[in-house]
Amino acid sequence: MISFINVLVNGLLLGGIYAITAMGLSLQYGVARILNIAHGEFIMVGAFLTFVLHTKLGINPLFGLAVAGPVLFVVGYLIQRILFKTLKDRTPTPAAFEGSSMLMAFGILFVVQSIAIFIWGTNVQGYSYLAYSVYLGDIRFSVNRLVILVISVLICLLFYLFLTRTRTGKAIRAASQDPDAAGLMGVNINRMLALCFAFGAMMAGFAGMLISMVFPIYTTMGMQYTIIAIIVVVLGGLGSIPGSMIGGFLLGIFSAIVSAKDPGLTMAAYYLLFLVLLLVKPSGIFGR
Amino acid sequence: MQILHVEGLTKYFGGLAAVSGVDFTVEEGEILGLIGPNGAGKTTLFNLISGTLVPNAGKVLFKGEKISGLKPYVICRKGLVRTFQSCKIFPEMSVFQNVLLGALFGAPENIAWKQAADVAEEAIAFVGLSAFHDLPAGSLTLVNQKRVEVARALATEPELLMLDEMMAGLNPTEVGEAMELVKRIRDRGITIIMIEHVMKAIMNICGRIIVLDHGKKIAEGTPEEISTSKTVIEIYLGE
Amino acid sequence: MKQSKRIAKYILPVVIVLLVALMAVVPFFTDPYKVVFLRTILMFVILTLSWSLFSGTTGYTSLATAAFYGAGLYTTAYLGEKLPLPLMVVCGGITAFALALLMGAITLRLKGIYFAIFTLSSVELIKQVLHWYEINIVGVRGHYVTRVNDVTVYYVLLVITVLLVLTIYLIKRSRYGLALNSIGSCEEAAAHIGINVVGLKILAYAISSFFIGMAGAIMATGMLYIDSYVAFDLNYSFFPTLMAIFGGLGNILGPLVGAAVFTYLREILITKYSYHYMLIFGTVMVLTILYLPSGLIGLAQNIWKKLTTPAPTKGLKTEGGKHADTSC
Amino acid sequence: MKLLMLEVKDLNVAYGNVQVLWDVSLNVAEGEIVVLLGANGAGKTTLLNAITGLVRPLGGNVSFLGRDITGLPPNEIVEHGIAYLPEGGRLFPDMSVQENLEMGSYLKNNWKIRKNRLEYVYNVFPRLKERRKQLAKTLSGGERQMLAMGRCLMSNPKMGFFDELSYGLAPKLVKEAFAMLKSLRDLGLTIFLIEQNANQSLEIADRAYVLENGRIVNSGTANELLHSDHIRKAYLGL
């Protein structure tokens with residue numbers, strides 16, 4: 001029983017990171033129709049910004065949020081406005097745009113990664129912050145993971161409130177459900193697309209910051225997280241924001257269960273789950 | 001002789017019946033019109049017959065053989081072919097290649113390249129597109145693109161041809177030409193079912209008309225019977 | 001105009017034959033390093049051409065090239081010692097062929113972006129499962145491979161390339177080539193004029209993978225050690241895709257030129273500016289997709305057209321331009 | 001003479017190289033209900049799309065209250081006081097009734113007064129108030145139509161464009177929809193409506209135009225058209 005609870009707790013702790021990781025991607029795909037293969041690179045940049053601020057300037061990693069998020073927001077906004085907007089104007093059909101935008105994201109992936117390697121090298125890095133455990137009865141919690149869970153739930157919640165309570169948030173949701181109709185309401189669609197891509201990048205920044213607190217980081221870590229994000233997003237339904245929140249936690253628990261049995265199989269189990277899901281219900285568990 | 005027999009055909013989309021319990025038969029050599037307001041389920045019916053969709057209930061018999069549930073390419077090779085509402089051609093390919101594909105793959109038996117080329121040439125000439133033979137199909141005007149689609153369907157040497165809104169978006173002269181074309185196809189011995197909104201065309205060339213509304217067959221008869229039918233006028237004019 | 005076309009028809013085969021002949025004698029005149037370099041180019045040419053045989057024509061972006069390549073590598077790792085070289089290469093191809101049949105059969109329902117991410121993840125799944133299998137069941141990670149000399153590898157690759165080009169040429173000329181193009185153009189219409197789209201797609205996928213697997217099988221002999229992370233490296237999925245687009249899809253020449261030029265640049269960049277090469281690579285990629293959607297060959301064709309045709313004649317409007325209502 | 005609200009002059013519209021509308025001219029005065037009749041494929045929706053900025057016309061111009069609005073993007077057209085109810089309503093299916101309504105007053109100035117507008121719309125359609133927390137996709141056909149109309153009212157528009165209110169509705173609901181439309185006019189909204197349902201729409205309209213194959217072929221008061229053979233011909237090909 002105890003071990004089961006331990007597994008569950010571990011899963012929840014991991015799930016928070018996954019949820020944040022996936023939410024950004026989901027937003028970018030759901031509204032802007034860009035399957036951003038470079039998502040993991042933005043996560044990596046977020047992680048390294050936090051790492052550098054902490055180790056070089058002694059800034060608390062939690063403040064990394066205030067830096068990594070906004071920086072990536074601006075980068076994302078510019079990338080959408082300069083690159084994807086141009087691509088969209090040049091592409092005849094939405095289906096063609098989905099294909100070519102994914103390939104363009106590949107290009108961006110290489111650019112971002114090589115700049116990162118240029119600046120930060122290829123070594124595995126890390127720092128320790130709040131790396132100790134507390135016990136609640138017999139159940140062990142590592143403090144930094146607990147902090148991560150709290151922060152990720154908080155971010156999810158804030159973002160959820162943003163989407164459901166604010167004028168811009170509602171416009172984003174409307175644009176994802178029916179862009180033309182949203183335009184008729186007076187929503188400037190191009191601005192929304194850029195905003196969504198920027199928010200997606202910002203989420204990646206947050207995820208990177210959280211990841212850097214508990215996992216080793218390296219400049220080529222991006223693809224791994226992109227794939228996890230894709231898995232979660234498909235799990236929750238491509239483009240559904242609440243879906244990817246729930247999907248993140250589900251995958252977290254799933255991964256904890258598998259790694260309790262055999263840690264070596266975790267990644268393989270992810271992919272298997274993902275492929276089966278794609279075949280059985282491509283619109284995701286919570287998809288329409 | 002009956003060429004097509006549809007019985008209790010039903011299709012649900014998420015609980016909503018797009019087509020429900022439709023029965024009808026088509027006699028060899030006739031032109032059957034299929035009309036009804038937007039969203040009445042006409043195209044869904046075509047999709048069910050041509051194999052794009054699998055019905056939830058009911059069956060389709062073609063020349064006495066059950067074809068519902070078969071793949072579209074199999075149905076096509078049996079001699080039942082359809083065109084699409086939004087003209088679906090291969091835009092980058094030449095007119096000839098478009099039609100040739102129909103001849104190569106649509107015939108009931110394997111056919112040699114040379115023979116297929118002859119069939120394609122004949123079909124292109126039949127619809128009057130010989131002058132555009134080598135042009136990319138996508139560069140043609142809408143009316144000619146629709147002719148390419150018809151020629152491609154004819155090249156599969158069908159016995160039954162289903163035309164989905166062939167005349168939508170054409171001007172009156174073009175509609176006249178299209179009507180002529182449909183009659184000439186019938187004269188080749190090919191049975192035709194056509195969905196059409198251009199009433200002038202339907203009333204003039206169809207021997208029999210079926211009216212669909214909300215997925216159900218609500219009327220069937222000659223053009224005269226349909227145009228004076230109370231139910232039909234109600235649906236179209238809202239009286 | 002017609003005449004120049006006819007001449008062009010003869011020029012291409014002659015150029016190809018000359019090129020192959022030249023490539024066949026190159027190892028006698030150059031230093032070993034150049035042979036290794038040419039070998040890499042040939043490998044990418046095979047991967048890129050195979051990729052575009054399926055994805056370029058049908059429009060389904062497959063990101064499983066690495067899986068088929070890796071399947072070839074692993075076949076050699078397991079069977080290399082037991083089989084004569086030609087048989088080993090064919091076995092690599094057959095393994096990849098079977099894998100592609102399987103993958104094709106289970107991805108029937110997936111379209112567009114779903115197909116791409118499915119194939120991408122398949123590579124990772126195979127990688128992870130193999131990794132786990134080696135560590136937990138076999139107990140040894142990876143394999144050592146008997147090396148074959150570079151010149152032999154080079155010749156085998158050259159033969160595979162020639163066979164591949166020939167295969168593509170024959171397919172393109174046959175009814176099935178036309179049918180594959182029609183699937184890329186409008187799958188629904190293709191299905192309704194009697195084309196067995198599903199069967200054709202799977203077969204084309206398997207045939208293209210056969211060549212990728214053969215390339216993998218022979219390339220394995222150039223490596224000392226293979227494990228699942230080396231073999232199923234996602235870059236083998238990405239590079240061919242990018243190279244094909246860079247060169248231009250739609251005919252044999254585009255992917256061929258794309259792969260050759262790109263690999264050449266890559267080798268130069270790696271040796272001279274090893275840190276910047278990915279940056280340049282990525283930038284070129286983004287610019288290609290933005291400004292050269294039809295690739296290098298498309299660019300060359302446009303320039304050629306501008307040079308050969310005088311001023312564009314007016315009055316073609318009635319049969320020119322695209323129509324928005326055609327959905328495919 | 002009433003104030004001229006909408007004036008369309010010699011509008012030509014094409015998709016690619018296929019021209020859909022030829023020299024369409026029409027006008028709507030303040031407080032009128034004007035209906036545009038035509039069979040499927042006549043180009044009715046294209047005309048509305050061109051007026052409301054979803055499609056850019058080839059030539060001709062559209063002016064609203066004397067100002068030229070030709071070719072402006074939809075979000076700017078809305079700012080002039082135009083609301084458009086597209087065919088099928090085009091609600092946001094995964095948003096609640098209230099959120100759908102709020103989207104109707106998305107523009108900055110309207111957003112500030114959205115509470116007042118909500119109250120106003122709930123007054124007109126009390127049913128929507130009962131359902132305000134429900135997701136739009138769970139509504140019945142009639143309720144959806146109500147919501148779509150309510151969403152148009154949220155921007156406090158001067159003029160409303162309605163595309164096929166009767167689309168997919170049962171006959172009884174069609175009657176109700178038209179009755180609602182009439183009451184909106186009585187509340188001060190100028191209405192331009194496109195319809196296939198000739199008789200019922202003519203009963204509530206002041207004037208009508210008939211569009212055939214992309215050209216205006218007939219126009220007049222609703223009463224004149226109601227009794228003309230032309231309509232019958234256009235629809236049934238008699």
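In this predicted model, 2 salt bridges are counted between domain 1 of chain B and domain 2 of chain B. One salt bridge joins B:R82 to B:D164, with the closest N and O atoms 3.9 Å apart. Polar contacts across this interface number 11 residue pairs, both residues of each pair being at pLDDT 80 or more.

The side of domain 1 of chain B that touches domain 2 of chain B draws at least two residues from each of α1 (42-50), β7 (160-164) and α6 (172-187) of chain B. Of the contributing elements, α1(B) gives the most, with 5 residues. By class, the residues on this side of domain 1 of chain B comprise 11 nonpolar, 5 polar and 4 charged.

As for the division itself, domain 1 of chain B covers 1-74 + 162-178 + 193-239, and domain 2 of chain B covers 80-157. Between the C-alpha centres of domain 1 and domain 2 of chain B the distance is 24 Å. The contact involves 20 residues of domain 1 of chain B and 11 residues of domain 2 of chain B. Three residues, B:M162, B:D164 and B:M166, account for 34% of the area that domain 1 of chain B buries against domain 2 of chain B, and no other three residues supply more. B:D164 is thus named both in this trio and in the salt bridge with B:R82.

A second interface lies between chain D and chain A, where 22 residues of chain D meet 21 residues of chain A. The rule finds 4 salt bridges here. A:R173 and D:E99 form a salt bridge whose closest N and O atoms are 2.9 Å apart. Polar contacts between chain D and chain A amount to 5 residue pairs, with both residues at pLDDT 80 or more.

On the side of chain D that touches chain A, the elements giving two or more residues are α2 (74-79), α3 (97-104) and α4 (108-112) of chain D. The most come from α3(D), with 4 residues. This side of chain D contains 12 nonpolar, 3 polar and 7 charged residues.

The buried areas of the two interfaces are set out below.

| Interface | Buried area | Share from carbon and sulfur atoms |
|---|---|---|
| Domain 1 of chain B and domain 2 of chain B | about 1200 Å² | 55% |
| Chain D and chain A | about 2100 Å² | 59% |

Notes. Residues numbered from 1 in each chain as written. Chains lettered and ligands numbered in written order. Predicted model: local features only at pLDDT ≥ 70, side-chain atom pairs only at ≥ 80, totals over all residues. Heavy atoms only, no water. Domains from an automatic or database assignment. Contact = heavy atoms within 4.5 Å. Buried area = accessible area lost by both parts, 1.4 Å probe. Salt bridge = Lys/Arg side-chain N within 4 Å of Asp/Glu carboxyl O. Polar contact = N/O pair within 3.5 Å; in protein donor to acceptor, adjacent residues only side chain to side chain. Nonpolar A, V, L, I, M, F, W, Y, C, P; charged D, E, K, R; others polar.
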